[in-house]
Amino acid sequence: MRFLILGAALVAAPLATTAQTPRVFGHADTLRGSNGPGRAWWDATFYDLHVTVNPADSSVGGRNGITYEVLGRATEMQIDLQMPLAVDSMVQEGRPLVYRRDGNAYFVTLTAPQPLGSRQTVTVYYHGSFGGGSTTPGRRSGPFTWATDSSGAPWFATANEGPGASTWWPLKDFAADEPDSQRIAITVPDPLINVSNGRLRSTTHNTDGTTTFEWFVANPINSYNVAINASPNYVPVRSEYLGLRGPLTIEFWALASHRANAEALIPEVKTMLACFEHWFGPYPWYQDGYKLIEVPYLGMEHQSGIAYGNQYLRGYLGRDLSKTGEGMSWDYIVVHESAHEWFGNNISAKDHADMWIHESFGMYAEALYLECTEGKEAGVNYLVGVRSSMIRNDTPIIGQYGVQDVPRSQDRYPKGANMLMTMRAVVGDDTTWLATLRGLNQTFWHQTVTAKQIRDYMSASTGVDLNPIFVQYQETIKIPALEYKLGNGSLSYRWTNVVPGFTMPVDVMVGNQRVTRLAPTEQWQSMPVTTAAGASLAVIPEYYVTTQRVED
């Protein structure tokens with residue numbers, strides 16, 4: 001089996017046996033994924049989002065006040081809103097604006113002065129329907145999953161990591177630009193309760209049989225993390241974790257029938273938070289709190305409001321992705337999606353082609369959680385297991401830049417995690433490795449980043465040039481092969497199946513001898529060894545490489 005992505009989780013699909021056909025990108029992809037002239041001159045600083053959701057006909061409507069800083073000369077302004085939704089009007093300083101539609105993007109002609117460095121606001125009014133009603137349980141339309149809970153009550157939630165936030169609200173839907181803060185005011189029919197990101201500021205009961213829940217995010221947030229989650233049966237289970245920056249509120253918004261299950265998961269949440277604060281530094285959103293929100297799909301890393309749908313099972317919906325047994329002592333969604341609060345939400349990729357920054361570190365964090373709870377060997381065993389059960393090497397894990405290319409292959413999860421485990425072995429100093437992971441989150445705190453920034457920082461912090469390893473594992477589907485010859489008191493070795501100039505030290509055992517570090521290149525090297533007849537060479541399991549014995 002292979003695995004595909006659903007939100008930030010994995011679901012089974014048929015095995016791919018050949019490299020994937022390259023995608024062809026067009027004008028719409030460039031508008032969606034590039035920092036074009038309608039985007040480059042302004043920086044989003046605040047979104048004031050007000051949305052009404054009617055589950056009876058799957059419709060949404062409302063407005064978003066887009067406050068921005070003027071960075072350069074203004075011509076047209078690009079605002080994204082995907083079909084079947086449509087803009088009703090746009091207003092600035094009380095005056096209607098003229099705009100044109102180009103597929104899923106609107107280009108607005110601004111008439112008010114846009115002085116360099118000033119802050120301005122455009123308010124976009126919109127509406128639309130995703131077609132039909134929401135009476136079919138589990139039905140997916142647009143960004144929404146429409147469902148009913150065990151009591152027959154309506155239950156729905158959003159998830160839009162790949163397609164983008166503009167599937168349900170208008171904004172600058174560009175990964176490199178995050179607002180400094182955001183209001184999320186969601187109106188739903190009574191008796192539904194909406195839970196979104198950040199802190200609940202107010203609950204307003206309207207005269208038309210609806211209620212508006214106003215949530216506020218006090219920190220930068222990448223737009224695909226903004227979420228709606230609604231049920232009449234949500235109940236909060238509350239606790240507190242004393243972390244590196246003081247008390248952190250914990251809330252688990254579960255269906256009432258699952259309150260006891262949610263309460264039972266709180267100790268694991270605290271263990272996870274302590275583990276990840278050790279490895280990565282302080283939880284990034286103390287102001288906004290930590291939340292899990294039960295949803296009718298598997299899971300997503302919605303910032304400060306993680307979507308939880310693992311059905312209170314051990315592992316990944318009751319399964320061990322590694323097939324080693326190591327994945328069954330913990331709740332996959334709690335651990336994996338929470339890791340994204342550091343890698344994905346605190347540190348966010350500027351371009352979705354670099355979603356490995358989110359997912360490679362996210363799956364690697366699963367092994368670190370096991371290291372915290374079961375020991376380092378358990379974490380290694382887990383990643384070796386997912387290496388053999390999940391990696392397909394059907395396409396590079398970095399996509400094409402500037403066109404909203406999220407690579408279709410799931411390899412950015414297990415292959416990227418194994419790459420990081422390999423790098424830790426190469427560095428060979430756990431104190432330095434720990435400082436590097438913590439330093440990433442400190443250096444790029446609340447920022448969007450490029451692959452180059454991550455690569456350069458990790459090389460500088462560890463004192464090891466990791467760039468050849470990054471290039472090998474991320475930009476190709478080649479796995480380094482260590483060829484060796486062994487006999488007559490000599491060991492010869494070299495790297496093959498590598499990019500030109502590839503260098504990476506590797507720790508091996510020859511026969512029953514102690515671990516020896518080799519420094520292979522593409523050229524044969526030799527060293528004397530003393531081994532018994534029939535001995536062979538084995539690379540320690542932390543390295544994601546293959547070996548091949550060659551006879552003279």
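Reader: Which residues does T422 touch, not counting residues up to four places away in sequence?

Author: T422 touches Y473, M504, E542, Y543 and Y544, where contact means heavy atoms within 4.5 Å. This is a predicted model, in which local features need pLDDT of at least 70, side-chain atom pairs count only at pLDDT 80 or more, and totals for chains, interfaces and linings use all residues. Residues are numbered from 1 along each chain as its sequence is written, and side-chain values use heavy atoms, with hydrogens and water left out.

Reader: Why does T422 count as buried?

Author: Buried means under 20% relative accessible area, exposed over 50% and partly exposed in between, with a 1.4 Å probe and protein chains only. T422 has 0% relative accessibility, so T422 counts as buried. The residue is found in helix α6 (residues 414–427); helices are DSSP runs of H or I with at least four residues, strands are runs of E with at least two, and both are numbered from the N terminus.

Reader: What makes T158 buried?

Author: The relative accessibility of T158 is 0%, and therefore T158 is classed as buried. T158 lies in strand β13 (residues 154–158). Leaving aside neighbours within four places in sequence, T158 has contacts that include W168, I228, Y297 and H302. Its side chain reaches the backbone nitrogen of I228 at 2.9 Å.

Reader: Why is α4 called oblique to α8?

Author: The axes of helix α4 (residues 356–374) and helix α8 (residues 451–462) cross at roughly 45° and come within 11 Å. Axes are lines fitted to C-alpha atoms, for helices over the stretch in contact, and angles run from 0 to 180 degrees between N-to-C directions. Under 35 degrees counts as roughly parallel, over 145 as roughly antiparallel, 65 to 115 as roughly perpendicular, and the rest as oblique. The crossing angle therefore makes α4 oblique to α8.

Reader: Which residues make that contact?

Author: W356, I357 and F361 of α4 meet A451, I454 and M458 of α8. By class, the contact has six nonpolar, no polar and no charged residues.

Reader: Which are the edge strands in the sheet β30-β27-β26-β32?

Author: Four strands form this open sheet, with mixed pairing. Its edge strands are β30 (525–528) and β32 (546–549), each of which pairs on one side only. Two strands pair if DSSP finds at least two bridges between them.

Reader: How many bridges join β26 and β32?

Author: Strand β26 (residues 481–487) pairs with β32 in the parallel sense over four bridges. The bridge partner of A481 in β32 is T546.

How values were computed
Ala, Val, Leu, Ile, Met, Phe, Trp, Tyr, Cys and Pro count as nonpolar, Asp, Glu, Lys and Arg as charged, and the others, Gly among them, as polar. A polar contact is a pair of N or O atoms within 3.5 Å; within protein, one must be able to donate a hydrogen and the other to accept it, and residues adjacent in sequence count only if both atoms are side-chain atoms.
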